[in-house]
Each structure stands twice: as C-alpha cells, then as structure tokens.
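Reader: I have a structure in front of me and would like to learn how to read some of its features. Where should we start?

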Amino acid sequence: MNFLKDYLQNDIDFSSYEDIKKNFKIKVPENFNFAYDIVDRYAKEAPEKLAMLWIDDKEERRFNFKEISLLTNRAANFLTSMGIKKGDAIMLILRRRWEFWPILLAMHKIGAVAVPATNQLVKKDIEYRTNAADIKMIICVDEENISAEVEKAMPDSPTVKHLVRVGAPKEGWIDFAKEFEKQSESFTRPSGDADTQNSDIMLRYFTSGTSGYPKMVQHNFAYPLGHITTAKFWQQVVDDGLHLTIAETGWAKAMWGKLYGQWICGSAVFVYDMMSFKPYVILQKIQNYRITTFCAPPTVYRYLIRSKLDSYDLSSLKHCVTAGEALNPEVYNKFYEMTGIRMYEGYGQTETTLLAGNFADMTPKPGSMGKPGPGYDMDIVNADGKPCKAGEVGSIVLYFKEGKPVGVFSGYYKDQELTDKAFEGGIYHTGDTAYFDEDGYYWFIGRDDDLIKTSGYRVSPFEVESIFQQHPACLECAVTGIPDKHRGQAVKATVVLAQGYEPTEELRIEMLTFVKERSAVYKHPRELEFVKELPKTISGKIRRVEIRNKDNV
C-alpha cells in the first residue's frame with residue numbers, strides 16, 4: 001500500500017509523458033507534515049511495512065514503519081527535553097547512520113529546522129555554517145576527525161548551546177543513545193502556534209559553493225510532496241520495492257532518494273553506511289539485497305563500468321537513474337552495453353526537486369537531461385528574456401503562471417537581495433544554461449559563469465569534457481576559459497590521468513589531437529595541463545572558478 005493517490009488531483013496512472021505533463025498536479029493539504037501524515041499513518045495502517053533496510057560493515061537492521069514512528073517519538077521527546085522548539089536550527093552531521101531518520105522526522109514533528117551537513121567539514125566550514133544558519137544544536141556522528149573540528153569551531157560559534165554525539169560517548173558531549181533510551185515512545189502533536197504550517201521552514205541547505213560562499217536554501221513543509229515527481233515518474237520506484245540512492249545525508253540529494261518521495265510511493269529505502277566508496281561492494285549490495293531501483297551520479301557509474309559487471313547478478317534492477325552532473329554519453333553507452341539497462345538522466349537543484357528528466361515512455365538520449373518535468377513550467381530564454389528556438393543556448397527559467405510550484409525553495413536565508421534576484425520578474429532564474437533539440441529534449445551546457453566565450457562563440461565545458469572522457473587515459477577533466485588576446489578566451493583542459501598513464505608530452509599531443517578530431521574548430525583546446533587532482537567542493541563538484549582564478553593571476 002501507499003498514499004500516493006491522496007496527494008494527486010488526478011489518477012496516478014498516466015499513459016504517456018504528454019499525459020503526465022498535462023494532467024499531473026499535486027494536492028497539498030493544509031498543515032501537511034511528512035512525519036505525522038506519512039510516517040505515523042503508515043504506522044497505524046501498515047505497521048509491518050518495511051520502511052528502511054539499513055546496513056554498515058558490521059550490522060544489518062530492518063525498520064518497519066511502526067518502529068520508525070516510535071523511534072521518532074523518542075527522538076522528539078529528547079529534543080524537547082533539551083529545550084528545542086519550533087524554528088530552532090539543528091545541524092545534523094550523521095553520515096548515513098540510521099539515527100538520522102528518526103532525528104530528522106522528530107524535528108519535523110516539533111517544527112525545528114534541520115540543517116544537514118557532511119562529515120567532511122573542517123573548523124572554518126563549521127564556524128561559517130553555525131553563525132550563518134543560527135545553529136542551536138549540533139548532532140554529530142562519533143568520528144574523531146569531525147568531532148575535533150566541531151570542538152575547534154565552538155569558541156566562535158556562540159549560538160550553539162548543545163553538542164550531541166551519536167555512537168560512542170565522549171566527554172563534553174551529550175550521549176544521544178543514553179538520553180534517547182530514557183524517552184517515552186508517545187509524542188503529542190503540538191497545537192496552535194506551536195504546530196507547523198505549510199509555509200514554515202523545515203530544511204535549510206547550504207549549496208556546494210562552486211563559485212563562492214555557500215548559499216542557504218530554505219524549503220518549507222510542503223517540499224516533500226514535490227518529490228512525488230522524483231520518485232514516481234523518474235526513479236520509477238514501486239510499492240514494496242527497495243530503492244538505493246548513493247548520496248550521503250549531508251547533501252540535498254539524500255532527500256531526493258532516501259526518504260520523502262520513496263515513502264510516499266510505498267518503496268522502502270536501502271541505506272549502506274559505508275566508510276568509503278568501493279564499486280565492487282556497491283555491486284555486491286545490489287546483488288545480495290535485490291535492489292529494485294538505483295540512483296547515483298555519473299561519477300559512480302564511471303567507476304562501476306570499470307568493474308567486472310558481468311560477475312554480479314543485477315537482475316533485480318528495474319530502473320537506473322543519474323543526476324548531479326551532466327552524463328557523458330560514453331558512460332551511458334558502456335553501462336548499457338554491459339548490463340542492458342538504460343540510464344535515465346535527470347536535472348534539478350538544491351533549490352528545487354526534479355526539474356527535467358527522462359521518463360518511462362521516453363527513449364533516453366545519452367547526455368540529455370530529458371524533458372521538463374510534470375508540475376514545472378520550464379523554458380530556455382535568451383539575454384532579453386525571450387524564449388529560445390531549438391538549438392539556441394540560453395538560461396533555464398521556471399514560470400510561475402499558477403503560483404510557485406510545490407518543491408521550489410522559499411528563498412535564501414538572510415539574503416533578501418539574492419532571493420529577489422533569483423525570482424526577478426516573477427520567474428525563477430536557475431543560473432544554468434542549456435538548449436533543447438527538435439524533439440524537445442534539453443541538453444545541459446553549464447552554469448552561466450562556466451561558459452567559455454571564444455572568437456564570438458559560446459563553448460560548453462561539458463561538451464569538450466565529454467570528448468576527453470572517451471580517451472582511455474582520461475579519468476577526470478575540467479575545461480575552462482583562459483585569457484587570449486586574439487579570441488577573448490581560449491579553451492583549456494585540466495586533466496587527471498587514469499591509472500597506468502604518465503603525463504608525457506607525447507600523451508598531451510595525442511589527447512589534444514583526439515579532441516580536435518571530434519569537435520568543431522572553435523571548441524579545440526589550446527592548452528592541456530596534467531594534474532594529480534581537480535579542485536572540488538565538499539560535495540565533489542568541480543570548482544572551475546578555482547582553476548580560472550589560478551590561470552588569470
């Protein structure tokens with residue numbers, strides 16, 4: 001069973017992409033709260049239904065909805081005993097620990113604001129976030145490295161009142177397990193002003209900051225319903241299925257694939273709390289636990305296709321999707337050749353849910369983000385704000401002709417100027433560029449700031465990077481613009497070599513020639529630099545701005 005039909009204005013069965021796009025509409029009830037309206041309802045009507053299958057390298061636990069509900073109540077009682085109330089912000093640094101789920105849901109019940117964060121943060125990152133987001137409590141996994149960084153940040157984090165540790169206890173920290181066990185399994189929903197409203201802020205996410213300080217994206221309590229599109233129509237999750245999204249809980253992608261849409265659609269989530277990513281281990285988990293639907297960024301698939309895929313039984317997989325960065329056609333083609341499974345690419349942002357995707361009755365075009373998703377009125381416009389024609393590169397925008405769609409963020413916390421700029425003219429400016437082809441498929445070009453303008457042409461870094469990825473010596477590549485007195489900018493490639501290759505002049509010439517033979521003249525790289533690693537954000541996105549700044553000195 002699932003509750004999907006209760007949140008759609010029309011039938012849940014659609015005959016085609018066109019049918020979905022025309023007739024899909026989310027029905028948002030008053031005072032929707034995912035913890036009460038989805039989790040607690042399952043606990044009453046289908047208490048034994050599997051919610052989460054969680055494992056780490058030592059333990060396996062299966063949680064049904066009754067157990068999740070009771071654990072959530074205990075967590076809510078713990079938080080309220082610590083003085084946490086509606087509107088208070090808590091930073092969650094919990095990797096993929098199972099405790100993340102009841103703690104997050106408990107915050108939803110109270111109306112507190114969750115600020116998920118990664119365990120890769122260091123002192124300065126934590127200081128910035130605690131002060132920018134007014135963090136009152138930090139709940140952290142029991143890793144000495146991140147615990148030490150949190151402690152270093154505390155002298156300059158005046159808003160933080162409590163440090164809570166999940167796992168092994170430590171002096172100076174509140175022991176979550178100890179305090180959690182003392183709590184009642186009953187929790188009464190607050191009433192009056194203490195209860196949540198749809199417009200209240202539920203999540204506050206820091207973007208990955210590819211070009212500057214991370215922005216604080218805010219989502220309200222209706223946001224989970226926006227992920228019906230993500231789970232039902234893109235990931236194709238099924239009732240009583242088992243979905244695996246690789247993302248760690250510190251990133252917004254976890255909300256795309258580890259909780260909201262999946263549970264609304266009745267699918268359980270599979271969570272592997274891994275200490276490090278090993279492709280063969282992921283393949284073993286898919287095989288042994290019979291994963292039905294799978295989502296990972298292209299980088300993960302890039303590693304998977306270098307593994308012995310034919311050594312694993314992947315027959316349980318019904319649908320695979322990818323997002324987070326543009327998909328290189330070479331990766332798509334190789335995965336399909338080795339498994340017979342097509343990858344369905346999608347596109348969205350921390351600020352939104354799924355904006356575009358390759359949906360069930362569509363044949364994916366490798367490298368295309370697909371078509372605009374249901375619930376969104378999306379277009380590509382030129383510098384004058386007028387709709388582009390097929391093949392013309394422009395900026396991706398969302399129109400709000402019928403009001404702001406469910407799933408679009410409420411604004412940037414403490415930055416009204418940036419919020420106003422994003423929603424200027426009553427539309428949302430994504431900051432991304434793309435074009436659509438004659439069939440209506442959208443093709444990602446890049447961030448506005450990443451476009452290279454050379455000899456009057458605009459070059460997408462992704463297009464050139466995709467060609468480099470076809471060369472066996474290329475593990476990773478970043479393409480940027482460098483100053484050129486004749487062209488304005490010239491194209492430069494910064495390359496990390498695959499294992500077994502050395503950075504020689506002969507290889508440099510070979511790779512440049514390889515790209516020149518496969519691209520238009522104006523896209524030809526004029527320089528190629530070999531490096532051991534590319535500068536990246538904490539979430540793994542390439543910081544081309546850092547490469548540009550270095551080259552422009």
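Author: Start with the lining of the second largest pocket in this predicted model. Its residues divide into eight nonpolar, six polar and seven charged.

Reader: How much space lies in the second largest pocket, and which residues are the closest to its centre?

Author: The space in the second largest pocket is about 550 Å³. Its lining counts 21 residues, and Lys 25, Gly 375, Tyr 376, Glu 402 and Pro 405 are the closest to the centre.

Reader: Which helix gives the most to that lining?

Author: Helix H1 does, with three residues. H1 spans 17-23, and both H1 and helix H8 (223-234) supply at least two lining residues each.

Reader: Now strands. How do I read the surroundings of strand S18?

Author: Take the general idea to begin with: side chains in a regular strand alternate between the two faces of the sheet. For the case here, look at burial and then at the partners. S18 covers residues 394-399, and five of its six residues are buried.

Reader: Which strand is joined to S18 by bridges that include Asp 379 or its neighbours in S17?

Author: Strand S17 (residues 377-381) runs antiparallel to S18, with five bridges between them. Within S18, Val 397 is the residue opposite Asp 379. Strand S20 (residues 427-436) also pairs with S18 in the antiparallel sense, over five bridges. There, Ser 395 has Thr 433 of S20 as its bridge partner.

Reader: Why is helix H15 called largely enclosed?

Author: Burial is judged by relative accessible area, and under 20% counts as buried. Helix H15 (residues 461-469) is largely enclosed by the rest of the structure because eight of its nine residues are buried. Among them are Pro 461, Phe 462, Val 464 and Glu 465. Ser 466, Ile 467, Phe 468 and Gln 469 are buried in H15 as well.

Reader: Can we apply that cut-off to a single residue? Is Ser 69 buried or exposed?

Author: The relative accessible area of Ser 69 is 7%, so Ser 69 is buried. Ser 69 sits in helix H3, which spans residues 65-81.

Reader: What does Ser 69 touch, leaving out residues up to four places away in sequence?

Author: Ser 69 touches Val 39, Asp 40, Ala 43 and Lys 109. With Asp 40 there is also a polar contact of 2.7 Å between the side chains.

Reader: How far apart in space are Ser 69 and Phe 187?

Author: From C-alpha to C-alpha they are 9.9 Å apart, while in sequence 118 residues separate Ser 69 from Phe 187.

Technical notes. Residues are numbered from 1 along each chain as its sequence is written. This is a predicted model: local features need pLDDT of at least 70, side-chain atom pairs count only at pLDDT 80 or more; totals for chains, interfaces and linings use all residues. Side-chain values use heavy atoms; hydrogens and water are left out. Helices (H or I, at least four residues) and strands (E, at least two) are DSSP runs, numbered from the N terminus. Buried means under 20% relative accessible area, exposed over 50%, partly exposed in between (1.4 Å probe, protein chains only). Contact means heavy atoms within 4.5 Å. A polar contact is a pair of N or O atoms within 3.5 Å; within protein, one must be able to donate a hydrogen and the other to accept it, and residues adjacent in sequence count only if both atoms are side-chain atoms. Two strands pair if DSSP finds at least two bridges between them. On a 1 Å grid over the protein atoms alone, a cavity is a set of points where a 1.4 Å probe fits but cannot get out, and a pocket is an open set with protein on both sides within 12 Å along at least five of seven lines; lining residues have an atom within 4 Å of a point. Grid points are joined across faces, edges and corners, and a volume is the space filled by probe spheres set on the points. Ala, Val, Leu, Ile, Met, Phe, Trp, Tyr, Cys and Pro count as nonpolar, Asp, Glu, Lys and Arg as charged, and the others, Gly among them, as polar.
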